Amino acid sequence: MCTNILIHARLEGAGFGRKGWFPVTRANVTYDHPLHLDLEHAVTVDFVDEAGGLEARIGVELTVASARELAEALLAACAEAEAYETGAAQPR
Amino acid sequence: MADTGAYDGMLAEVTKIPGHGGHWISVYFVRPLGPGPFPGVVWLHHMPGWDEWTKEAARKLAYHGFMVAAPDLYCRAGTGAPEDVAAKVRAEGGVPDDQVVGDAAACRDFLRALPQSNGKVGVTGTCSGGRHAYLAACRERFDACVDLWGGGVVMRPEDLTEKRPVAPIDYTKDLSCPLLGLFGEEDRAPSPEQVREHEEELKKYGKTYEFHMYAGAGHGFFYHDRPAAYRAEAAVDGWRKVLDFFHRHLG
């Protein structure tokens with residue numbers, strides 16, 4: 001909120017948090033002051049259950065380069081997953 | 001000046017007061033022990049929330065003779081680990097300016113009503129709290145304001161939101177008290193250009209202010225718990241300036 005960079009992603013999944021498993025309904029992505037990482041700004045990703053209260057959150061704080069690496073890994077995994085599901089994947 | 005022969009003590013506790021809209025808010029309240037009279041300071045916490053550093057800063061001011069009320073500006077989002085509360089507020093785009101100003105005014109009134117009060121109350125904060133302090137000093141009556149690297153005093157029209165509908169700089173003509181501003185030359189929020197723009201607006205309206213720009217410092221140079229941000233020389237000098245300013249205008 002100090003940078004006004006805030007993006008929400010609707011998600012369907014589950015996360016393992018401090019009190020066990022919870023539904024993950026949204027990712028809150030920002031580039032803002034991190035709460036722990038010793039940087040002025042970081043990409044922050046909070047996986048949350050909007051109906052689950054404050055503790056239904058798994059948070060990560062990443063450097064921009066790390067966030068980009070994660071995004072590329074996710075996209076690569078999704079591409080392989082889709083190919084696998086459609087039978088287009090080459091056997092490894 | 002400290003005196004090794006003098007009694008020294010303080011009270012530090014969380015209390016509750018009615019804040020903006022009559023909502024009960026948590027306040028970290030610190031005061032020197034003794035009859036006073038003591039001046040008051042409202043400390044508005046930074047974006048990471050109502051955290052340990054904020055409470056340490058409040059106790060530092062109390063050590064130097066001020067009663068401090070530091071409200072939990074995020075308490076309407078719930079209670080829990082400061083990180084969880086701050087993450088929720090961050091995901092909602094922050095807290096509304098009107099609400100923060102109302103909470104700050106409630107803390108001012110709380111401090112002024114205390115039997116130990118000397119009747120004067122200042123307002124301060126770092127980061128988003130610096131912005132909020134400036135906003136509160138423009139929209140409410142305070143006796144002194146210290147803006148510690150408050151980003152977003154100058155805002156682009158596209159950054160205005162329902163929660164932040166007016167750029168604080170646009171309230172400058174209404175600034176109710178003397179202002180001290182401390183900034184880092186390497187900061188981007190506020191950038192040195194934005195600080196200069198703010199300064200021009202203060203001059204335009206003939207306001208009493210002192211701005212200091214620290215070379216080699218970025219955002220958060222008081223934060224000793226953030227080694228990458230902390231700048232010892234700027235922090236030592238900056239704290240001296242804050243204490244001197246509040247003593248001059250509130251003492």
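## Strands 6 and 7 of chain B

In this predicted model, strand 6 (residues 144-148) and strand 7 (residues 179-184) of chain B pair in the parallel sense over four bridges. Strands here are DSSP runs of E with at least two residues, helices are runs of H or I with at least four, and both are numbered from the N terminus. Two strands count as paired if DSSP finds at least two bridges between them. Within this pair, Cys145(B) stands opposite Leu179(B) of strand 7 of chain B.

Helix 4 (residues 128-139) of chain B packs on the sheet and touches strand 3 (38-44), strand 5 (117-126), strand 6 and strand 7 of chain B. Contact means that the C-beta atoms of two residues, placed from the backbone, lie within 7 Å. The direction of helix 4 of chain B makes about 140° with that of strand 5 of chain B. Such angles run from 0 to 180 degrees between N-to-C directions, with axes fitted to C-alpha atoms, for helices over the stretch in contact.

## The whole sheet

How are the strands of chain B ordered in the open sheet? The eight strands follow the order 1-2-4-3-5-6-7-8, with mixed pairing. Strand 1 (10-18) and strand 8 (209-214) of chain B each have a single partner strand, so one side of each is left without a neighbour in the sheet.

## Where the chains meet

Chain A gives 18 residues to the contact and chain B gives 26 residues. On the side of chain A that touches chain B, strand 2 of chain A brings the largest share, three residues.

## Reading the model

Residues are numbered from 1 along each chain as its sequence is written, and chains are lettered from A and ligands numbered from 1 in the order in which they are written. Local features need pLDDT of at least 70 and side-chain atom pairs count only at pLDDT 80 or more, while totals for chains, interfaces and linings use all residues.
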